[in-house]
Amino acid sequence: MMDIRCSRFASVIPPYLLERIMEKGNEHQRLFARHTLTHVHNLMGRTPAVAQQSHAQPPGKIKRTIYDARNSMNLPGVKVRQEGQSSGKDVAVDEAYDYLGVTYDFYWRVFKRNSLDAKGLPLVGTVHYGSAYQNAFWDGERMVFGDGDGDGEIFNRFTIALDVVAHELTHGVTEHEANLIYFEQAGSLNESLSDVFGSLVKQYHMQQTAQQADWFIGAGLLADGVQGKGLRSMSAPGTAYDDPVLGKDPQPADMANFVHTRQDNGGVHLNSGIPNRAFYLTAIALGGNAWEKAGTIWYATLTDKKLLQNASFADFARLTVSHALEQFDAETGEVVENAWRQVGVLT
């Protein structure tokens with residue numbers, strides 16, 4: 001079984017997507033994808049960083065620091081913007097700064113959570129990481145953003161999508177709470193929780209109801225020429241893209257199509273589509289703002305000490321039903337249970 005520490009090196013682009021680019025892309029696309037994939041594999045084998053606990057901020061007060069790696073792979077890079085400093089001319093710096101703040105505000109205002117560790121952890125980001133680096137990741141200490149392929153053929157810069165930033169930061173929340181192992185169903189739950197709260201951060205920021213939301217992860221990240229709307233679809237897993245280079249989105253939408261594989265840590269990015277759809281179905285059925293009921297239930301489950309590090313989909317599902325009953329009512333519990341039944345997790 002994979003070391004639980006590997007959960008700290010969760011990246012937003014799944015290995016199978018990079019492998020597809022290596023197979024179908026042009027010469028420089030293949031080179032960029034191979035370089036990124038090799039680095040991701042190397043990250044998974046390293047001892048993870050540990051976020052500094054000093055300088056913890058009081059509740060409701062954020063502290064952000066943005067660094068520029070200047071296309072090197074040296075972390076953290078050169079400090080370019082600190083909390084309270086005005087915007088500069090670098091859009092990636094400003095997007096990272098702004099979206100770290102939006103994510104912090106969501107967790108504080110909706111759940112009264114003071115940063116990723118609930119203890120006021122300062123938020124750190126590094127932009128312009130590597131040369132044509134096609135990924136973004138949380139390393140246990142900071143957010144790191146690549147610039148995409150540089151020519152806008154497949155990926156735009158990785159600071160462009162708010163839900164991607166919130167997705168990666170939520171890995172930090174999961175690490176400090178359930179610390180779900182990054183392997184098989186527990187790993188898929190780890191990825192799904194980042195998608196769920198990544199989407200909720202965007203919905204909250206845009207003040208969208210569940211019906212109004214697009215339910216795509218990474219909308220805007222794919223370049224204009226790519227035939228796709230995002231990296232993943234929470235409403236209809238398996239439909240986010242269908243492109244000559246990227247191929248067809250391989251995510252399953254239910255347990256009948258669960259993917260058994262040794263790749264991608266047991267399919268953590270693939271099978272996350274199943275719990276993603278369960279959340280979407282819950283949010284749509286409950287109506288209104290998804291963070292108010294569905295999000296509250298999922299957050300209570302994530303922070304529940306009964307959620308084990310190796311939890312299965314069914315384990316997580318039963319806890320969500322329990323929290324729906326405790327925090328709301330029997331009708332809400334029935335909605336949640338029915339969503340998990342529709343994706344085949346509960347029978």
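## Helix α8 and its surroundings

A residue is called buried when its relative accessible area is under 20%. In this predicted model, that criterion is met by Ala294, Gly295, Thr296, Ile297, Trp298, Tyr299, Ala300, Thr301 and Leu302 of helix α8. Helix α8 spans residues 294-302, and because 9 of its 9 residues are buried, the helix is largely enclosed by the rest of the structure.

Several helices contribute to this enclosure. The cover over the buried residues of α8 includes α3 (91-111), α4 (162-176) and α5 (184-206), together with α7 (273-286), α9 (313-327) and α10 (330-342).

## Aromatic pairs

The model contains 20 aromatic pairs. One of them is formed by Trp298 and Trp340, whose ring centres are 5.9 Å apart; their planes meet at 10 degrees, so the pair is classed as stacked. This pair links distant parts of the chain, since Trp298 belongs to helix α8 and Trp340 to helix α10, 42 residues apart. Both partners are shielded: Trp298 is buried, with a relative accessible area of 1%, and Trp340 is buried at 0% relative accessibility.

Helix α8 also takes part in an aromatic cluster through Tyr299. The other members of that cluster are Phe106, Tyr107, Phe111, Phe197, Tyr204 and Trp291.

## Packing of helix α7

Helix α7 packs with α10, and the axes of the two helices come within 8 Å and cross at roughly 145 degrees. The crossing is right-handed. On the α7 side, the contact is made by Pro275, Arg277, Ala278, Leu281, Thr282, Ala285 and Leu286, while α10 supplies Thr332, Val335, Val336, Ala339, Trp340 and Gln342. By class, these residues comprise 9 nonpolar, 3 polar and 1 charged. Trp340 of this contact is also the partner of Trp298 in the stacked pair.

Helix α7 packs with α5 as well, at an angle of about 40 degrees and with the axes 8 Å apart. This crossing, too, is right-handed. Here α5 contributes Ser188, Leu189, Ser192, Asp195, Val196 and Leu200, and α7 contributes Pro275, Asn276 and Phe279. The contact of α5 with α7 divides into 5 nonpolar, 3 polar and 1 charged residues. Pro275 appears in the contact with α5 and also in the contact with α10.

## Two buried arginines

Arg232 lies in strand β7, which covers residues 232-233. With a relative accessible area of 1%, Arg232 is buried. Its side chain forms a polar contact of 2.7 Å with the side chain of Asp195, a residue that also belongs to the contact of α5 with α7. Leaving aside residues up to four places away in sequence, Arg232 touches Val12, Pro14, His167, Glu191, Asp195, Trp215, Phe216, Ile217, Ala240, Gln251, His269 and Ser272.

Arg64 is found in strand β1, residues 64-68, and is buried with a relative accessible area of 11%. Its side chain makes a polar contact of 2.8 Å with the side chain of Glu83 and reaches the backbone oxygen of Tyr97 at 2.9 Å. Beyond residues up to four places away in sequence, the residues touched by Arg64 are Arg81, Gln82, Glu83, Tyr97, Asp98, Leu100, Gly101 and Leu123.

## Two serines with greater accessibility

Residues over 50% relative accessible area count as exposed, and those between the two limits as partly exposed. Ser86, in the loop between β2 (78-82) and α3, is exposed, with a relative accessible area of 63%. The C-alpha atoms of Ser86 and Ala96 are 13 Å apart in space, and the two residues are 10 residues apart in sequence.

Ser322 is part of helix α9 and is partly exposed at 27% relative accessibility. Its C-alpha atom is separated by 9.4 Å from that of Val336, which lies 14 residues away along the chain. Val336 is one of the α10 residues in the contact with α7.

How values were computed. Residues numbered from 1 in each chain as written. Predicted model: local features only at pLDDT ≥ 70, side-chain atom pairs only at ≥ 80, totals over all residues. Heavy atoms only, no water. Helix = DSSP H or I, 4+ residues; strand = E, 2+ residues; numbered from the N terminus. Buried < 20%, exposed > 50% of the residue type's maximum accessible area, 1.4 Å probe, protein only. Polar contact = N/O pair within 3.5 Å; in protein donor to acceptor, adjacent residues only side chain to side chain. Contact = heavy atoms within 4.5 Å. Axes fitted to C-alpha atoms, helices over the stretch in contact; angles between N-to-C directions. Left-handed = near helix turned anticlockwise from the far one by under 90°. Nonpolar A, V, L, I, M, F, W, Y, C, P; charged D, E, K, R; others polar. Phe/Tyr/Trp six-rings, centres within 6.5 Å; stacked < 30°, edge-to-face > 60°.
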